[in-house]
Structures are given as C-alpha cells and as structure tokens.
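Let's take a look around this protein together. Have the sequence and the 3D view open, and we'll go from one spot to the next.

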Amino acid sequence: MEETFYCILCKKPMSPALGIAECSFCGKKEKADYVCPSGHYICEDCRIASSDRIIKKVCEATQETDPMRIAILLMKHPAIQMHGPEHHYLVSCVLLAALRKLGKFEIDNSAFEKAITRGKRIPLGSCGLWGACGAAVGVGIAVSVATKSSWTSDKERSLSMQATCEALSEIAKIGGPRCCKASTFAAIEAASKFFEREFGINFISLTSPHPCYFKAFNDECLKDKCPYFG
Ligand SMILES: [Zn+2]
Ligand SMILES: [Zn+2]
C-alpha cells in the first residue's frame with residue numbers, strides 16, 4: 001500500500017502531480033511529483049533545507065509585503081522548531097524581506113546574511129536569562145540593517161534600540177513559559193507599528209496570527225492566557 005504524505009502547509013493529503021507546480025516556499029516552477037488539493041508544492045531543495053537556508057531562500061525570493069505572512073509560512077517548515085533560536089533572525093529576515101519588496105531602504109541579499117550572523121549570537125533562552133527576548137532584538141537588528149546603523153550612528157542607533165524596546169515590552173506582557181511563536185507574532189506587530197510611525201511604511205494588511213496555527217504543537221501552550229490562542 002502506498003504511504004500517504006500530508007501537506008506541511010495545510011495538512012491535506014498530497015497526491016501524485018502531472019504537471020508543473022510552483023514551490024510554495026521559494027517560488028521555483030518545476031515538474032512536481034506531489035501536490036496537495038490546495039495546490040501547495042514544496043521543491044526538493046526547500047524540503048531538505050536547514051532552518052537558516054529556508055529562511056534565507058524564502059526571504060530572498062518572496063513577493064510578499066506582509067512580514068507576518070512570510071513568518072507563518074516559514075514557521076510551518078519542519079526545519080523551524082516549535083521553540084528555537086532561529087526565531088530570533090527569522091523575525092529580522094521577514095521584516096527586511098517585506099521592506100525590500102516595498103522598495104524601502106537599500107536592502108540586497110547580503111542583508112539577510114548580516115541579520116542571520118548577528119541573530120545567531122543571541123542564545124536560546126535569552127528572554128528569561130538576559131532579560132531580552134531574541135525576537136525583540138531581531139526587530140532591532142532589522143532596523144539596524146535597514147538603516148545601516150552602527151554604534152557610532154546617531155538617530156539610527158536610537159531607532160534600533162527603540163524598536164527592540166517596543167517589541168520587548170509587548171512580548172513581556174504575554175507571560176510564560178516562553179513561546180517563540182507568540183513572541184514572533186508580537187515582535188512583528190510591534191515592528192509594524194514602529195515602521196509606520198517612524199518611517200511612514202505600511203506593511204499593507206498584516207495577516208492575522210489568530211487563532212494560532214501552532215497551538216496544537218506546543219505542549220507548554222499558555223492557551224487562554226495567550227493573546228494569540230483564539
Ligand atoms: Zn496544502
Ligand atoms: Zn522551493
């Protein structure tokens with residue numbers, strides 16, 4: 001009997017494909033082996049990609065201007081753990097990808113590499129151990145990369161820290177134990193408000209993270225206590 005594969009994006013059973021399909025992650029069009037009834041297809045390279053690679057690939061290729069939508073897609077990829085330090089730079093990269101598609105700032109592919117390199121230095125558990133959730137610092141990294149800020153900058157340095165501060169404040173309100181999905185949602189929502197106020201950038205309609213798609217996979221879910229549960 002043939003084994004049934006389920007779509008990692010919508011959980012429907014995949015069936016053998018006849019024609020060309022577009023990879024739901026990187027957009028590559030190729031002869032597909034399997035597709036789901038909703039037309040989702042994942043190319044071989046994306047299927048086996050590591051967390052860093054899939055984040056970089058998707059952010060380089062995306063046509064989306066909604067960072068929440070890109071984040072939710074990426075977080076459904078099996079290489080992205082339920083909780084894990086890859087969320088720190090996932091936040092930076094999806095913000096930079098959406099900003100680039102909107103034609104704001106000078107953002108090229110090296111921006112993602114920079115954000116990943118910086119984000120990787122934030123350890124797992126920095127929320128409770130350092131008092132700074134990596135998803136919030138990820139927002140600060142996105143502002144820093146976009147504005148080309150450094151420690152010698154004036155306004156850009158302040159804006160990078162202010163962005164981290166606003167995201168961190170929202171994440172702190174959620175309570176614990178930590179949830180990297182809730183922190184990512186809160187960081188992107190705070191970043192969206194920040195970019196609109198400071199730069200007049202509107203991320204079009206931010207996809208609603210409600211109800212949280214990931215709650216079924218989180219053994220430590222805060223359930224009704226989490227603002228994204230329902
Ligand atoms: Zn599907
Ligand atoms: Zn692909």
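Cys23 and Cys46 are both buried in this predicted model. Cys23 belongs to the loop between β2 (20–22) and β3 (29–31), while Cys46 is part of helix α1 (residues 44–47). The two are 23 residues apart, so they link distant parts of the chain.

What coordinates the zinc ion (ligand 2)? It's held by the SG atoms of Cys23, Cys26, Cys43 and Cys46, at 2.3 Å. Read along the chain, these donors of the zinc ion follow the spacing C-x2-C-x16-C-x2-C. The angles among the 4 donor atoms run from 102 to 114°, and the site is tetrahedral. For four tetrahedral donors, the ideal angle is 109.5 degrees.

Next stop: helix α3 (residues 67–75). Here 7 of the 9 residues are buried, so the helix is largely enclosed by the rest of the structure. The buried ones are Pro67, Met68, Ile70, Ala71, Ile72, Leu74 and Met75. And what do they pack against? Their partners are α2 (51–61), α4 (86–101) and α9. At the N-terminal end of α3, Asp66 acts as a cap, with a side-chain oxygen 2.8 Å from the backbone nitrogen of Met68.

Now for the rings. The structure holds 10 aromatic pairs. In one of them, Phe185 and Tyr228, the ring planes meet at 65°, and because edge-to-face means over 60 degrees, this pair counts as edge-to-face. Phe185 sits in helix α9 (residues 180–199) and Tyr228 in the segment after α9, so the pair ties together parts that are 43 residues apart in sequence. Both rings' residues are tucked away: Phe185 is buried with a relative accessible area of 1%, and Tyr228 counts as buried at 5%.

Phe195 and Phe203 make another edge-to-face pair, and both of these residues are buried too. Here are the two pairs side by side:

| Ring pair | Centre to centre | Angle between planes |
|---|---|---|
| Phe185 and Tyr228 | 5.2 Å | 65° |
| Phe195 and Phe203 | 5.9 Å | 70° |

Phe195 and Phe203 also have company: ring pairs link them with Phe105, Phe194 and Phe199 into a cluster.

Rings can have charges over them as well. The charged end of Lys76 sits over the ring of Tyr213, 4.1 Å from the ring centre. Likewise, Lys181 has its charged end over the ring of Phe214, 5.1 Å from the centre of that ring.

Methods:
Residues are numbered from 1 along each chain as its sequence is written. Chains are lettered from A and ligands numbered from 1 in the order in which they are written. This is a predicted model: local features need pLDDT of at least 70, side-chain atom pairs count only at pLDDT 80 or more; totals for chains, interfaces and linings use all residues. Side-chain values use heavy atoms; hydrogens and water are left out. Rings of Phe, Tyr and Trp (its six-membered ring) pair if their centres lie within 6.5 Å; planes under 30 degrees apart count as stacked, over 60 as edge-to-face and the rest as tilted. Helices (H or I, at least four residues) and strands (E, at least two) are DSSP runs, numbered from the N terminus. Buried means under 20% relative accessible area, exposed over 50%, partly exposed in between (1.4 Å probe, protein chains only). A charge sits over a ring if NZ of Lys or CZ of Arg is within 6 Å of the ring centre and within 35 degrees of the ring normal. Donors are N, O and S atoms within 2.8 Å of the metal (3.2 Å for Na, K and Ca); water is not among the atoms, so sites may look incomplete. Four donors count as tetrahedral if all angles lie between 85 and 135 degrees; four count as square planar and six as octahedral if opposite donors are over 155 degrees apart and all others between 65 and 115; anything else is irregular. Contact means heavy atoms within 4.5 Å. A polar contact is a pair of N or O atoms within 3.5 Å; within protein, one must be able to donate a hydrogen and the other to accept it, and residues adjacent in sequence count only if both atoms are side-chain atoms.
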